[in-house]
Amino acid sequence: MKNIFKFLLMVLVLVSAVSCSSLKKMLNSQNVAKYNDIRATFVTTQGEISFYLYPEAAPLTVANFVNLAKRGYYDNTKIHRAVENFVVQGGDPTETGTGGPGYFIPDEIVNWLDFFQQGMLAMANAGPNTGGSQYFMTLYPAEWLNGKHTIFGEYISDSDFEKIRKLEVGDVIKEIKFTGDVDLILSLHKNQVEQWNAILDKEYPNLKKYPIKDISSYGGEAAEYQEELHNIYTRKSDEADNEKEYFIPRLIRATEKKIKGVVSSDEESTEF
């Protein structure tokens, strides 16, 4: 009996090792950094809180968020709303819950991002297509928000989520930092970003300037990258293609968390 148990244990260890190796190869082969490795870190009074961003799901939302952050719009803003076991909300320089950048952005809803899990980063709004600068972070699953708010990020580690839970009204967002080529994200939407900036310059004349590179400076790589984003974001009519399309980015996230041990013991007015 002991020999059988040892044999089964050895088989389990071998399978786990092979699976882990396969997962690592998959991550390396997916060329994730092109569209799937943009991360935002909120520097707050509760510590640094990091999120994966999803430009492949919400390209305009991410471009808007990055541009606002790079221009200092979010610097030293405060959490103005906190609902126990629900959400914390920020992104309003007026701290009233009614402030915004002076323009609206469209909703970007995809099937493979939802509120069935905690720690989602999403746009606040006052109805369809009224997002601006305010965002919220979920503390618990909130499936009734599905289809009503653009999800554009997700917490990275358990320690990040614990800090989200500690956020209270009055906590300060000192700045938002990024890793990944956010300049390319802005360049892909340069015309739109410049329109936003023209409004921002009137509404908030003291914001920092942040130059947007011309897309031509990226050569052929930019066109390839833009096509990949378009192919992922565009919904296919074939259900099988849809399932594959929506599953892969989430699988990459989950796989990375397991390999890196991130999630383990080692590890403007909104109408909801």
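**Exercise 1.** Leaving aside its neighbours within four places in sequence, with which residues is Pro106 in contact? State also where Pro106 lies.

*Solution.* The model examined here is predicted.

Step 1. Locate the residue: Pro106 belongs to the loop between E5 and E6.

Step 2. List the contacts. Once neighbours within four places in sequence are set aside, Pro106 touches Leu60, Thr61, Asn129 and Thr150.

Step 3. Examine one of these pairs. Pro106 and Thr61 are separated by 45 residues in sequence, and their C-alpha atoms are 8.0 Å apart in space.

Step 4. Classify the accessibility. The relative accessible area of Pro106 is 37%. Buried means under 20% and exposed means over 50%, so Pro106 is partly exposed.

**Exercise 2.** Determine whether Thr150 is buried or exposed, and describe its surroundings.

*Solution.* Step 1. Thr150 is located in the loop between E7 and E8.

Step 2. Its relative accessibility is 2%. Because buried means under 20%, Thr150 counts as buried.

Step 3. Beyond the neighbours within four places in sequence, the contacts of Thr150 include Ala58, Thr61, Pro106, Ile109 and Leu121.

Step 4. Glu108 is also among the contacts of Thr150; the side chain of Thr150 reaches the backbone nitrogen of Glu108 at 2.8 Å.

**Exercise 3.** Describe the sheet and identify the strands that stand at its edges.

*Solution.* Step 1. The open sheet consists of 9 strands in the order E3-E9-E1-E2-E8-E6-E7-E5-E4, with antiparallel pairing.

Step 2. Strand E3 (77-78) and strand E4 (81-83) each have a single partner strand, so one side of each has no neighbour in the sheet. These two strands therefore stand at the edges.

Step 3. Consider one pair in detail. Strand E1 (residues 39-44) and strand E9 (residues 172-179) are joined in the antiparallel sense over 6 bridges. Val43 stands opposite Glu175 in E9.

Step 4. Add the helices. Helix H2 (residues 59-70) packs on the sheet, where the strands it touches include E1, E2 and E9, and its direction makes about 120 degrees with that of E9. Helix H3 (residues 158-166) lies across E2, E5, E7 and E8, and runs at about 115 degrees to E2.

**Exercise 4.** How many salt bridges does a search of the whole structure find? Analyse some of them, with attention to position in the sequence.

*Solution.* Step 1. The search finds 9 salt bridges. Side chains of opposite charge can pair when their charged atoms come close.

Step 2. Begin with helix H3. Arg165 and Glu162 form a salt bridge with an N to O distance of 3.8 Å. Both residues lie in H3, 3 residues apart, which is about one turn of the helix. Arg165 is partly exposed at 46% relative accessible area, and Glu162 is partly exposed at 39%.

Step 3. Turn to helix H5. Glu194 and Lys190 meet in a salt bridge at 4.0 Å, N to O. Because they are 4 residues apart in H5, about one helical turn separates them.

Step 4. Consider a pair from separate elements. Asp183 and Lys213 form a salt bridge, with their closest N and O atoms 4.0 Å apart. Asp183 lies in helix H4 (residues 182-188), while Lys213 lies in the loop between helices H5 and H6, so the pair ties together parts that are 30 residues apart in sequence. Asp183 counts as buried at 18% relative accessibility, whereas Lys213 is partly exposed at 42%.

Step 5. Finally, Arg71, Asp201 and Lys209 are linked in a network of salt bridges.

Key
Residues numbered from 1 in each chain as written. Predicted model: local features only at pLDDT ≥ 70, side-chain atom pairs only at ≥ 80, totals over all residues. Heavy atoms only, no water. Pairing = 2+ DSSP bridges. Contact = heavy atoms within 4.5 Å. Axes fitted to C-alpha atoms, helices over the stretch in contact; angles between N-to-C directions. Salt bridge = Lys/Arg side-chain N within 4 Å of Asp/Glu carboxyl O. Buried < 20%, exposed > 50% of the residue type's maximum accessible area, 1.4 Å probe, protein only. Polar contact = N/O pair within 3.5 Å; in protein donor to acceptor, adjacent residues only side chain to side chain.
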